[in-house]
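Pull up the model and keep the sequence beside it. We'll begin at a single residue and work outwards from there.

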Amino acid sequence: MVTHNNVPLSRILYYKIGGKARWLLDATTVDDVFEAISFIQRNKIQRYFIIGLGTNLASRKTDIHLTSDGLITAFAGQTLDDLMQFSFEHDLIGLENLGGLPSTIGGAIRGNAGAFGVEMEDVLVKVSVVEILRDSYTTREMTNEECQFSYRNSIFKQNPKLIVLKGFFHLESGTRDEVLAAKQVYKEMIKYRKRYHPIEYPSCGSVFKNIREKKYVEKIISVWPDIEGKVKNDWHGKVSMGYVIKRLGFSGTQVGGAKITDKHANYICNVDHAKASDVKMIIDEIEKKFKDTFGFSPELEAEIVMH
Ligand SMILES: Cc1cc2nc3c(=O)[nH]c(=O)nc-3n(C[C@H](O)[C@H](O)[C@H](O)COP(=O)(O)OP(=O)(O)OC[C@H]3O[C@@H](n4cnc5c(N)ncnc54)[C@H](O)[C@@H]3O)c2cc1C
């Protein structure tokens with residue numbers, strides 16, 4: 001484990017926003033994670049936060065391999081892209097729809113990340129975790145079921161004392177043609193994201209969760225009856241928050257250095273040295289207008305960590 005002191009988080013986080021961290025503990029292996037927990041406990045650090053993708057900037061070791069029973073196992077700090085590349089190299093398919101999704105494996109499992117119909121819960125068999133106790137820690141394996149996955153949610157969101165160390169994934173074996181087709185899908189997904197998502201700016205991806213719950217979908221349709229067809233045909237029963245935020249008039253809204261661009265209204269981009277408070281102000285404005293319009297609050301997908 002490498003220890004850094006007084007680190008401006010804006011330098012390492014994907015969003016390029018953030019204050020200073022007193023300590024940054026760079027864990028590139030499972031043993032590093034244990035060492036980091038001991039450091040936190042020894043120094044009686046009250047407030048700590050696990051960073052997924054930001055740690056990419058530090059030196060990275062590769063810890064990803066096939067188990068004897070054909071599962072892919074990978075350290076939580078590896079990226080989803082590492083997992084996809086490894087799967088292609090071993091003629092395994094099923095993750096290609098996630099092409100271009102920026103995430104570590106740990107972060108993706110915690111948030112049950114997904115795109116275009118594939119979520120972590122579909123491919124994850126089990127995880128190895130460490131649970132932080134008062135003055136020590138313990139490790140164990142948890143099955144997919146024990147992870148309690150639902151839309152962008154898992155037990156790890158409810159219990160921050162649980163840290164994902166490794167994921168074990170089951171993917172389908174593909175013929176040569178199937179693997180070639182999967183690689184093509186992977187490339188198309190990256191192209192799609194470049195075209196329709198404002199990835200030219202730092203962001204945290206979608207800020208709000210799409211609306212899925214039937215009673216809420218119906219509430220929105222009762223206010224905007226003209227979207228009923230879109231809900232059925234284009235959004236698979238959900239309501240797209242990108243569409244809603246745009247229709248509520250937020251495209252182009254800018255507060256400080258944070259902006260909603262025309263490309264995708266559910267992204268709040270850091271266009272010019274944005275502060276967390278700039279982002280928060282736009283979020284508050286959207287929440288207010290949404291609630292005034294539909295009578296309930298949308299759920300955040302992004303996490304706001306304020307000091
Ligand atoms: C351009 C862009 C596009 C995106 N598109 C999508 C998309 O299509 N679908 C989607 O689902 N998401 C998407 N996202 C959101 C983001 O990629 C996911 O939420 C991702 O899974 C976060 O992973 P991370 O490694 O960056 O975690 P971080 O953002 O660093 O952390 C997220 C949370 O996970 C916790 N965490 C991290 N590692 C662990 C661990 N090992 N154990 C326990 N907790 C941990 C952190 O403490 C934090 O609470 C997008 C984001 C961006 C910037």
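Start with asparagine 6, which is exposed, with 9 other C-beta atoms within 10 Å. A residue counts as exposed at 12 or fewer such atoms, so that count puts asparagine 6 in the exposed class. One thing to keep in mind as you look around: this is a predicted model.

Asparagine 6 is found in strand β1. How many of the seven residues of β1 are buried? The number is zero, so strand β1 (residues 2-8) lies largely in the open. β1 does have a partner, though: six bridges join it to strand β2 (residues 20-26), and the two run antiparallel. You can find one of these pairings by looking for proline 8, whose bridge partner in β2 is lysine 20. Back at asparagine 6, set aside the neighbours within four places in sequence, and the residues in contact with asparagine 6 are Lys20 and Arg22. Tryptophan 23 is worth a look as well: asparagine 6 and tryptophan 23 are 17 residues apart in sequence and 5.8 Å apart in space, C-alpha to C-alpha.

Now zoom out for a moment. The protein chain has 11 helices and 14 strands. With 307 residues, a compact globule would have a radius of gyration near 19 Å, and the 20 Å of the protein chain agrees with that. Along the principal axes, the C-alpha atoms fill a box of roughly 55 × 50 × 35 Å. Buried residues make up 34% of the 307 residues. As for contacts with a separation of 6 or more, 61% of them are between residues 24 or more positions apart.

Next, find the open sheet of five strands, which has the order β3-β4-β10-β8-β9 with antiparallel pairing. Its edge strands are β3 (64-66) and β9 (137-143), each of which pairs on one side only. From one strand to the next, the twist averages 20 degrees. Walk in from the β3 edge: three bridges join β3 to β4, which run antiparallel, and leucine 66 has isoleucine 72 as its bridge partner in β4. Helix α3 (residues 80-89) packs on this sheet, touching β3, β4 and β10, and its direction makes about 150 degrees with that of β4.

Keep walking and you reach β10. Is β10 largely enclosed or largely in the open? Seven of its eight residues are buried, so β10 is largely enclosed by the rest of the structure. On one pairing, four bridges join strand β4 (residues 72-75) to β10, running antiparallel; isoleucine 72, which we just met, stands opposite phenylalanine 169. On another, seven bridges join strand β8 (residues 124-132) to β10, again antiparallel, and valine 129 stands opposite valine 164.

β10 also takes us to the ligand. Which elements each supply at least two residues of the shell around the ligand? They are α4 (105-110), β6 (114-115) and β10 (162-169). Of the elements, α4 gives the most to this shell, with four residues. In total 29 residues surround the ligand, and the closest are Gly52, Leu53, Gly106, Gly107 and Gly205. By character, the shell divides into 16 nonpolar, 11 polar and two charged residues.

One more stop, further along the chain. Here an open sheet of three strands has the order β12-β13-β14, with antiparallel pairing. β12 (254-255) and β14 (269-270) stand at the edges with a single partner strand each, so one side of each is left without a neighbour in the sheet. Two bridges join β12 to strand β13 (residues 258-259), and glutamine 254 has lysine 259 as its bridge partner there.

The loop between β12 and β13 holds glycine 256. Glycine 256 is partly exposed, with 16 other C-beta atoms within 10 Å. Leaving aside its neighbours within four places in sequence, glycine 256 is in contact with Ala274, Lys275 and Asp278. To see how this loop sits relative to the start of the chain, look back to methionine 1: the C-alpha atoms of glycine 256 and methionine 1, 255 residues apart along the chain, are separated by 37 Å.

Methods. Residues numbered from 1 in each chain as written. Predicted model: local features only at pLDDT ≥ 70, side-chain atom pairs only at ≥ 80, totals over all residues. Pairing = 2+ DSSP bridges. Near = placed C-beta within 6 Å. Nonpolar A, V, L, I, M, F, W, Y, C, P; charged D, E, K, R; others polar. Buried ≥ 20, exposed ≤ 12 C-beta atoms within 10 Å, placed from the backbone. Axes fitted to C-alpha atoms, helices over the stretch in contact; angles between N-to-C directions. Contact = placed C-beta atoms within 7 Å. Rg over C-alpha atoms; globule rule 2.2 N^0.38 Å.
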